[in-house]
Amino acid sequence: MIKSIIYFLLFQSFVACIFNVSASGIDPETQEKKAFRIVKQNAALLDGVNQLLVVFIETAECNLATLVAMEKKGSQWHVASAPMQAGIGRKGFAAPNAKREGDNQSPTGFFRLGKLFCYEKEVDTKMPFIQTTPEDKWIDDPNSPDYNRYIRGTTSAKSYEKLLLNGNDYRYCMVIEYNTHPVVKGNGSAIFLHLSEGQSINSSSGCVVILQKDMEQLIKWMNPEMNPSILMGTEKILGAGLK
């Protein structure tokens with residue numbers, strides 16, 4: 001009986017996630033209006049930012065989100081592209097300031113978008129990028145002095161993310177500058193905007209995951225002079241304004 005209840009609750013959560021993501025495809029205007037409300041409530045954080053990715057979910061346990069790219073022209077924000085589907089941490093978003101290493105949650109907050117790593121030598125983007133080599137790593141060992149940092153070459157860290165994979169996931173991989181200035185050991189590492197594993201959206205260990213066609217559109221649009229950034233979390237928390 002207990003197992004049946006658990007399965008039913010999990011099924012309800014799954015249906016809710018699917019419904020929300022489907023809604024982003026069926027009714028983009030609704031998702032855009034939500035993004036505008038979120039931007040308005042967090043305007044104090046956005047000084048000097050003219051390109052912004054707004055990533056949000058309705059239900060805290062969801063791992064399928066909506067991403068809306070927005071651009072500021074003069075004093076007004078505008079939608080730069082149709083809403084996109086995005087995957088986040090398998091256990092949804094962590095509460096503000098609650099993200100921890102290995103929790104399978106994405107951090108909530110406002111973050112700059114940093115280094116872009118690409119497999120190819122030529123990429124259609126204005127953003128500066130690093131062509132990835134087998135020597136490129138991102139350290140996720142909390143006991144390493146290089147924790148949550150990019151390293152090319154040897155490291156004494158016990159664990160790290162290889163940035164050149166056999167799969168397509170990191171073909172385009174952009175750093176979300178969470179826990180970088182300063183780095184707090186154990187608060188989470190290797191938070192990226194990167195590609196899904198295939199032609200459908202998957203969840204992640206804490207990153208934001210999108211389709212390749214959407215990533216190529218975004219990096220072509222991004223301009224480093226416009227300080228591209230990301231605002232991410234549940235609709236409820238972002239809609240109340242981050243503190």
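**Why is it called that? Asking about a predicted model**

Q: How many disulfides does the count come to in this predicted model?
A: The count comes to zero disulfides. A disulfide is a covalent bond between the sulfur atoms of two cysteines, and two cysteine sulfurs must be within 2.5 Å to be called one.

Q: How do you know that the sulfur of Cys118 is too far from the closest cysteine sulfur for a bond?
A: Look at the distance. The closest cysteine sulfur belongs to Cys173 and is 9.0 Å away. The cut-off is 2.5 Å, so the pair of Cys118 and Cys173 does not count as a disulfide.

Q: What makes the sulfur of Cys173 too far from the closest cysteine sulfur for a bond?
A: For Cys173, the closest cysteine sulfur is in Cys207, at 6.9 Å. Set that against the limit of 2.5 Å, and this pair is therefore not a disulfide either.

Q: Why is Cys118 called buried or exposed?
A: The word buried is used under 20% relative accessible area. Cys118 has a value of 0%, so it is called buried. Cys173 has 1%, so it is called buried too.

Q: Why is Arg112 called buried, exposed or partly exposed?
A: Its relative accessible area is 34%. Buried would need a value under 20% and exposed a value over 50%, so Arg112 is called partly exposed. Arg112 is found in strand 5, which covers residues 109-118.

Q: Which residues is Arg112 in contact with, leaving aside its neighbours within four places in sequence?
A: They are Asp47, Val49, Val175, Ile176, Glu177, Asn227, Pro228 and Ser229. Take Ile176 as an example: Arg112 and Ile176 are 64 residues apart along the chain, while their C-alpha atoms are separated by 6.3 Å.

Q: Where is Glu120 found, and why is it called buried, exposed or partly exposed?
A: Glu120 is in the loop between strand 5 and strand 6 (129-131). Its relative accessible area is 37%, which lies between the limits of 20% and 50%, so it is called partly exposed. Not counting residues up to four places away in sequence, Glu120 touches Phe129, Gln131 and Arg171. The C-alpha atoms of Glu120 and Thr132 are separated by 7.8 Å, with their positions twelve residues apart along the chain.

Q: What makes strand 1 largely enclosed by the rest of the structure?
A: Seven of the seven residues of strand 1 (residues 51-57) are buried, so the rest of the structure largely encloses this strand. Try tracing its side chains: Gln51, Leu53, Val55 and Ile57 point one way, Leu52, Val54 and Phe56 point the other way, and all are buried.

Q: How do you know that strand 1 and strand 2 pair?
A: At least two bridges are needed to call two strands paired. Strand 1 and strand 2 (residues 64-73) have six, so they pair, and they do this in the antiparallel sense. One bridge partner to look for is Glu71 in strand 2, which sits with Gln51. A hairpin of six residues joins the two strands.

Q: Which way do strand 1 and strand 13 run?
A: They run parallel, and six bridges join strand 1 to strand 13 (residues 229-234). In strand 13, Leu231 is the bridge partner of Val54.

Q: How many bridges join strand 10 to strand 11?
A: Three bridges join strand 10 (residues 172-176) to strand 11 (residues 192-195), and these strands run antiparallel. Here we meet Cys173 again, standing opposite His194 in strand 11. Strand 11 is also joined to strand 12 (residues 208-210) by three bridges, in the parallel sense. There His194 stands opposite Val209.

Q: Which strands are the edge strands of the open sheet with the order 8-7-9?
A: Strand 8 (150-152) and strand 9 (160-162) are called edge strands, as each pairs on one side only. Strand 7 (residues 136-139) pairs with strand 9 in the antiparallel sense over three bridges. Within this pair, Glu161 of strand 9 is the bridge partner of Trp138.

Q: Which residues lie nearest the centre of the largest pocket?
A: Asn97, Thr108, Gly109, Phe110 and Phe111 do, out of a lining of 24 residues. Strand 5 gives the most to this lining, with three residues. The pocket has a volume of about 450 Å³.

Conventions. Residues are numbered from 1 along each chain as its sequence is written. This is a predicted model: local features need pLDDT of at least 70, side-chain atom pairs count only at pLDDT 80 or more; totals for chains, interfaces and linings use all residues. Side-chain values use heavy atoms; hydrogens and water are left out. Helices (H or I, at least four residues) and strands (E, at least two) are DSSP runs, numbered from the N terminus. Buried means under 20% relative accessible area, exposed over 50%, partly exposed in between (1.4 Å probe, protein chains only). Contact means heavy atoms within 4.5 Å. On a 1 Å grid over the protein atoms alone, a cavity is a set of points where a 1.4 Å probe fits but cannot get out, and a pocket is an open set with protein on both sides within 12 Å along at least five of seven lines; lining residues have an atom within 4 Å of a point. Grid points are joined across faces, edges and corners, and a volume is the space filled by probe spheres set on the points.
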